[in-house]
Amino acid sequence: MLAALDRQGSLLRGSFTLSGAIEAFIDPLTVVAVLYACAAWHGERLLSPAYMILGALSFALTFPGNIRLHESTRTMVRKVATNWLLFAGAAGAFGYASGYLHYFPHSMLVAWLAATPIALVAAHATARQALPTWMAIGDNQRIAVVAGVNDIGLKLAREFRAHPYLGTRVVGFFDDRPRARLPDTGEAPLLGPLAGLAEFVKRRRVEAIYLALPMAPQPRILALLDELKDTTASIYFVPDIFVTDLIQGRVDNVGGMAVVAVCETPFTGLNNVAKRGSDFVLALLILLLLSPLLLAIAIGVKLSSPGPVVFKQRRYGLDGREILVYKFRSMTVCDDGASVRQATRNDSRITPFGAFIRRTSLDELPQFVNVLQGRMSIVGPRPHAVAHNEAYRKLIKGYMIRHKVKPGITGWAQVNGYRGETETLDKMQKRIEYDLDYLRHWSLGLDLWIIVRTALMVVRDPNAY
């Protein structure tokens, strides 16, 4: 929860921290360093205009880095791979179209493409090992206190303790309630009532104050803020709404008035343009390249059993609006009523040819037409039948939040083993958890990673039937 706010950028961090600088610069500096190392190894003139321009473009395209030091090693490796694939694809397409690639030896470019992801992983691993030790020395951490011993205050302190890269050490809590009524504060002690906060901050040269107080008692908060004006500490207000599970939580403003997003789509502004643009281009290319295969499948469906070639089913799309989703028909029936039975293993309704196209996911190919129409995305939560939506929305908390984005042909839940039949409520619950995780952490790199994993799963997915 709070780590998500850290990624949005401003609750846990100050305006500038060493860890923030490392996260921003480690990728571009490593990319440029490996470029020049490969060029030197091949005997190239490093100060030539071609290499200076390529170095500047590489730095600009990879700055700032989006890999956070507190993220897991697996996430770090995945982001390195997808970021580098996106960079190589974009730079390679530009270089080929403009003829700029001809200024560089082919062997040097291959070496750069191969060595850079290895160097990036090594650089991040080194930073993760060295930075916490360095920050623990001397005055490299800023001192902070938390006002309010409650769920959000305790969570905040735990986040700082778990992520030393943030460069902040919580030395204690302030609260007006008696110690006997307070939960255990862990390693950070209770330092006294709120009335002593300002004096403590001045005496101990505290650099940051986090107000984790209930929003209701405004006079008490206003009085405390007046006292803290006589200090030089940075003051952060942590509203108690952050106890809830945020989806794309961030601070925004309406005509200069601050508002907090509790549940929002990740596809706003430029993100929406990038998502829609990549969907349209990829869907068009795939349909053009696979048109002979589409024709062959259509003939196979028609010859294998009576009925339409394309099966259309009502699903929930963006914001819960109904859409028609296309699939090659793989069954002898076309259920789309108030009760829709999911396909099961050895389902008698599945035709022999239908079993083949379901196992290889070829039955999903007509949904690229849905993507061109703007009803679906290539990556997103898989659309469920309307009947299933109406049933599960009553059973699973937050189920309908997955409809804050367009449904996808493939998704984060599917590549993590939750594709196909959800015969138990627990399985559907896990699928929804992955869908919401996708909404929290969306990026073009994550989309690319899901597409790559989907392609690998086509030939060996035990849940495809």
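**Entry 1: a strand pair**

I looked first at strand E8 (residues 310-316) and strand E9 (residues 322-328), which run antiparallel and are joined by seven bridges. The model I am reading is predicted. I picked out Gln 313 and found that its bridge partner in E9 is Val 325. I then followed the chain between the strands: E8 and E9 form a hairpin, with five residues between them. In that turn I noted Asp 319, which has a positive phi of about 60 degrees.

**Entry 2: helix H16**

I turned to H16, which has 14 residues. From its first C-alpha to its last I recorded a reach of 20 Å, close to the 20 Å expected at 1.5 Å a residue. Which residues of H16 are buried? I listed Gly 445, Leu 446, Asp 447, Ile 450, Arg 453 and Met 457. I next asked what these buried residues pack against. The list comprises H4, helix H9 (270-289), strand E10 (377-379), strand E11 (408-410), helix H14 (412-415) and helix H15 (425-441).

**Entry 3: H4 against H16**

I chose one of these partners, H4, for a further look. Two packed helices are described by the angle between their axes and the distance between the axes. For helix H4 (residues 73-98) and helix H16 (residues 444-457), the axes come within 9 Å and cross at roughly 95 degrees. Angles of 65 to 115 degrees count as roughly perpendicular, and H4 and H16 are therefore roughly perpendicular to each other.

I then listed the residues that meet. H4 contributes Arg 74, Arg 78, Ala 81, Thr 82, Leu 85 and Leu 86. H16 contributes Leu 444, Gly 445, Leu 446, Leu 448, Trp 449 and Arg 453. I sorted the residues of this contact into seven nonpolar, two polar and three charged.

Notes
Residues are numbered from 1 along each chain as its sequence is written. This is a predicted model: local features need pLDDT of at least 70, side-chain atom pairs count only at pLDDT 80 or more; totals for chains, interfaces and linings use all residues. Side-chain values use heavy atoms; hydrogens and water are left out. Axes are lines fitted to C-alpha atoms, for helices over the stretch in contact, and angles run from 0 to 180 degrees between N-to-C directions. Helices (H or I, at least four residues) and strands (E, at least two) are DSSP runs, numbered from the N terminus. Angles under 35 degrees count as roughly parallel, over 145 as roughly antiparallel, 65 to 115 as roughly perpendicular and the rest as oblique. Contact means heavy atoms within 4.5 Å. Ala, Val, Leu, Ile, Met, Phe, Trp, Tyr, Cys and Pro count as nonpolar, Asp, Glu, Lys and Arg as charged, and the others, Gly among them, as polar. Two strands pair if DSSP finds at least two bridges between them. The expected span of a helix is 1.5 Å times one less than its number of residues. Buried means under 20% relative accessible area, exposed over 50%, partly exposed in between (1.4 Å probe, protein chains only).
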